[in-house]
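Let's walk through this protein together, one question at a time. Grab the viewer and follow along.

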Amino acid sequence: MRAYVRINSVILLDRLSKSYGPSTALARVNLHIHPKEFVTVVGHSGAGKSTLIRLMIREEEPTSGKIIIGGIDYDNLKKRDVPQLRRKIGVVFQDFKLLPNRNIYENVAFALEITGTRPSVIQHTVPKVLQLVGLAGKEKNFPQELSGGERQRVAIARAVVRQPKILIADEPTGNLDPKHSWDIIELLLKINRYGTTVILTTHNRDIVNALQRRVVTLRNGRVVKDEERGSYDV
Ligand code: ADP
């Protein structure tokens, strides 16, 4: 276990707890994540991974404890500040959540449109991001015309197009075969090398063990292990 507190954390969770009625989803979780770290969060189903993510993206509020992300203290967060927070944190889910009636270009551009980005900036930025994720040439395709791996690339492009400090990938390979899973992990590593802090949750033992990165293990809502070059041991 880490005994020290990291200075200059981009994510600081301090004694974070969340209960749903009588059931405790998270119990006094302490987690300090340094800028540019790549951290994998593992645990059985029901261990608290999704709750942790929902609290970090402010989809829900904790029962007690503190969250400071990217210098924003959630205790002082007003409803109107949440969009600004979402600009700092990109999120990718297992089921992609793409807009079926928009093509690939439009799906990614949409993330910029809703923040009022100038059209000239959008036209300049979207092709670069599609290039980054390896989807140049697929701009006019619709999500249903793509493979699962390609759809997840679109979701990642959409999550990083606003250049967030943090990318949270919640079971991003859950619907993918091993080959496509690895492609997605390599893309996350590339994004991490460019300076984005990455939080990954996964059930994939092979991926966790091969990554040789920091692994945080949750059990019954508690951090039971936090190792620098950790392995999958849920
Ligand atoms: P994981 O993502 O690791 O599978 P979750 O964060 O979804 O775990 O769940 C942690 C615990 O909290 C589980 O016992 C789950 O049943 C409970 N829980 C999660 N969300 C809710 C909710 N909205 N209402 C009641 N209980 C919940």
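**Sheets, a helix and a ligand**

Six strands line up as an open sheet with mixed pairing, in the order 6-7-8-3-9-10. Keep in mind that this is a predicted model.

Q: Which strands stand at the edges of the six-strand sheet, each with a single partner strand?
A: Start from the strand order, 6-7-8-3-9-10. A strand at an end of that open row has a single partner, so one of its sides is left without a neighbour in the sheet. That gives us strand 6 (89-93) and strand 10 (222-227).

Q: By how many degrees are neighbouring strands of this sheet turned against each other on average?
A: For this one, we ignore which direction each strand runs. The average turn between neighbours then comes out at 15 degrees.

Q: Do strand 6 and strand 7 run parallel or antiparallel?
A: In general, strands of a sheet can pair either way, through backbone hydrogen bonds. Here, five bridges join strand 6 to strand 7 (residues 166-170). One spot to look at is Val92, which stands opposite Ala169 in strand 7. The two strands run parallel.

Q: What angle does helix 5 make with strand 6?
A: Find helix 5 at residues 148-160. This helix lies across strand 6 and strand 7. Its direction relative to strand 6 is about 165 degrees.

Q: Which strands are at the edges of the open sheet of four strands?
A: This sheet has the order 2-1-4-5, and its pairing is antiparallel. An edge strand pairs on one side only, and that fits strand 2 (23-33) and strand 5 (72-73).

Q: Which residue in strand 2 does Lys18 stand opposite?
A: Strand 1 (residues 11-20) pairs with strand 2 in the antiparallel sense, over seven bridges. Follow that pairing to Lys18, and across from it in strand 2 you'll find Leu26.

Q: Which helix gives the largest share of the shell around the ligand?
A: The shell includes Lys49, Ser50, Thr51 and Arg54. The biggest contribution is four residues, and the stretch they come from is residues 49-56. That stretch is helix 1.

Q: How far is an oxygen atom of the ligand from an N or O atom in the side chain of Lys49?
A: Let's compare a few polar partners. A polar backbone atom of Ala47 is 3.2 Å from a ligand oxygen, and a backbone N or O atom of Gly48 lies 2.9 Å from one. For the side chain of Lys49, the distance is 2.8 Å.

Q: What percentage of the ligand's accessible area does the protein cover?
A: On its own, the ligand has 560 Å² of accessible area. The share of this covered by the protein is 61%.

Conventions. Residues are numbered from 1 along each chain as its sequence is written. This is a predicted model: local features need pLDDT of at least 70, side-chain atom pairs count only at pLDDT 80 or more; totals for chains, interfaces and linings use all residues. Side-chain values use heavy atoms; hydrogens and water are left out. A residue is near a molecule or strand if one of its heavy atoms lies within 4 Å of it. A polar contact is a pair of N or O atoms within 3.5 Å; within protein, one must be able to donate a hydrogen and the other to accept it, and residues adjacent in sequence count only if both atoms are side-chain atoms. Accessible areas come from the Shrake-Rupley method with a 1.4 Å probe; for residues, only the protein chains shown count as cover. Two strands pair if DSSP finds at least two bridges between them. Axes are lines fitted to C-alpha atoms, for helices over the stretch in contact, and angles run from 0 to 180 degrees between N-to-C directions. Contact means heavy atoms within 4.5 Å.
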